[in-house]
Amino acid sequence: MGKGIIMKIFIGVSNFGNIKQAEIDVSNFVVFTGKNNTGKSSMLQLLYGLLQRLPKLEILIDDYEIDEHKELELKREKKWFLNYEKKVNLYLQQNKEQIVESIFHRPVPVGNIYIKITDINEKITIQFNKQAESETGQYNSLNPEEILRSNKRIQLYIEEQNSTTDEILYHSKVSFSAGQNKEFVKLYVEREVAGLIWNLFMGKKELLFLPASRTGIQLLYKSFFNGKENKKPAGRINRSKDKIQEIESEMPLPVWDFLQFLLNYHVNNKMAKDNKKLTDFIENYFIDGKLQQKEEETVYVPKNTDQNIPIGLASPVVNELAPIIKALTGTADYQYMFYDTVENCLDLEMQRRLARLLIRLNNNGKRLIVTTCSETILSELSQLIQISLEKSVRDDSKENQKEKLDKLNLTKEDLPDSKNIHVYQFSVQNDGMSIVNELSFSLRQNKGGVVK
């Protein structure tokens, strides 16, 4: 999960839409599977909206006293994390209807939403040091009252380390006016800790939602806008307030954000270089060509030709994979992808290749939550996981490992680096409500490799 941190966050719901109960580990790589109309896409959109919103909450963490006249060192391990979990869940319970409506732009029934933090193996240390500093030097002879009246600074050191190894995983120093009172300092400390918890879990990650209707949206999205200058829906111009609300109510937040992603796309040469192996894989194994940006138009260039085919006239497969290429070559570093109905327009062989692409994305540090109805993708993922766990492959020399993988038409990049991969089955019950159960990948290569 990055930086060697052992911490997981689950998001759970009950009686949400047609989902009776679900608890999802959103820590790394998640696959939703099940028949149509079982709630997979709704759950995907909810998780996207929550993971956009929760890191921005200003929730106080702990109750303690700060004496602004003394140096202070605060150490917390599980207490701050669990206290934060408790207060976030209180916020979610009190605001669940408004939160859900802000994501879907319509009321959706919801009984409960909660988070759960587990496998906590971090220690946060905060040192609160009042120092008399100025541009010309330090004046340690000043007493606390003189410091408070001066323009000197307070230094606040925040450090996070692994509780087992004592390895420093995060370090930050901030300073502010020594004239601030202890209530301000206390609030600042607590906000920093809240932000640190999400930083430990997510880092500075940009989120990207890819809706099931992405191909159609790519063909039509420009008609929603009047130009890049204002980035507003076309319906906002000379339309009544009621009409604007009607347009917005039909567009959930994740879909709106996908439109913004398409509209704001620009090629970033550094990102394109950093992700070249991934884009090469897509170009060679899926679209048999390249995408190029001609000013504001995306064109497809088939391999060994100089044709420039507008993206809208290219094959469905090209349109399906285009958003992934744009995510890997644009200005934003998207590290958390929500990918709905990943098998769209792909034949069985390409679905197998897609399983390899998903693993390659995850191996490159991108967290994934995807939905699929494809047994082929599940089977391929399972087999790749099994191969990665086989001792004869894992512990073999590089030469022998390569030879074995060559026989399977695979490379090391096709095998998952992480065991933290979770598959959830959505199943409709007799009452019409869906229940969500986690499946286990079998170590036996039969029945698609998934144990239900």
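Residues count as buried when their relative accessible area is under 20%. This cut-off is applied here to a predicted model.

By that criterion, helix α7, residues 253-263, is largely enclosed by the rest of the structure, because eight of its eleven residues are buried. The buried set comprises Pro254 and Val255, followed by Phe258, Leu259, Gln260, Phe261, Leu262 and Leu263. Several elements contribute to the cover over these residues. Among the helices are α1 (40-53), α2 (78-104), α5 (214-220) and α10 (316-329). Strands β11 (206-210) and β15 (334-339) also take part.

Helix α1, one of the elements covering α7, is itself mostly covered. Ten of the 14 residues of α1 are buried. They include Lys40, Met43, Gln45, Tyr48 and Gly49. Leucines at positions 44, 46, 47, 50 and 51 of α1 are buried too. The helix spans 20 Å from its first C-alpha to its last, close to the 20 Å expected at 1.5 Å a residue.

Helix α10, which also contributes to the cover of α7, packs against α9, residues 276-287. Two packed helices are described by the angle between their axes and the distance between the axes. For α9 and α10, the angle is about 175° and the axes lie 10 Å apart. The two helices are therefore roughly antiparallel, as angles over 145 degrees are counted as such. On the α9 side, the contact involves Leu278, Thr279, Ile282, Phe286 and Ile287. These residues meet Val317, Val318, Leu321, Ile324, Ile325, Leu328 and Thr329 of α10. By class, the contact has ten nonpolar residues, two polar residues and no charged residues.

Two loop residues stand out in backbone geometry. Most residues other than glycine have a negative phi. Aspartate 288 has a positive phi, near 50°. Aspartate 288 sits in the loop between α9 and β12 (289-294). With a relative accessible area of 43%, aspartate 288 is partly exposed. Asparagine 304 likewise has a positive phi, near 65°. Its loop runs between β13 (297-302) and β14 (309-310). Asparagine 304 is exposed, as its relative accessible area is 79% and the cut-off for exposure is over 50%.

Methods: Residues are numbered from 1 along each chain as its sequence is written. This is a predicted model: local features need pLDDT of at least 70, side-chain atom pairs count only at pLDDT 80 or more; totals for chains, interfaces and linings use all residues. Side-chain values use heavy atoms; hydrogens and water are left out. Buried means under 20% relative accessible area, exposed over 50%, partly exposed in between (1.4 Å probe, protein chains only). Helices (H or I, at least four residues) and strands (E, at least two) are DSSP runs, numbered from the N terminus. Contact means heavy atoms within 4.5 Å. Axes are lines fitted to C-alpha atoms, for helices over the stretch in contact, and angles run from 0 to 180 degrees between N-to-C directions. Angles under 35 degrees count as roughly parallel, over 145 as roughly antiparallel, 65 to 115 as roughly perpendicular and the rest as oblique. Ala, Val, Leu, Ile, Met, Phe, Trp, Tyr, Cys and Pro count as nonpolar, Asp, Glu, Lys and Arg as charged, and the others, Gly among them, as polar. The expected span of a helix is 1.5 Å times one less than its number of residues.
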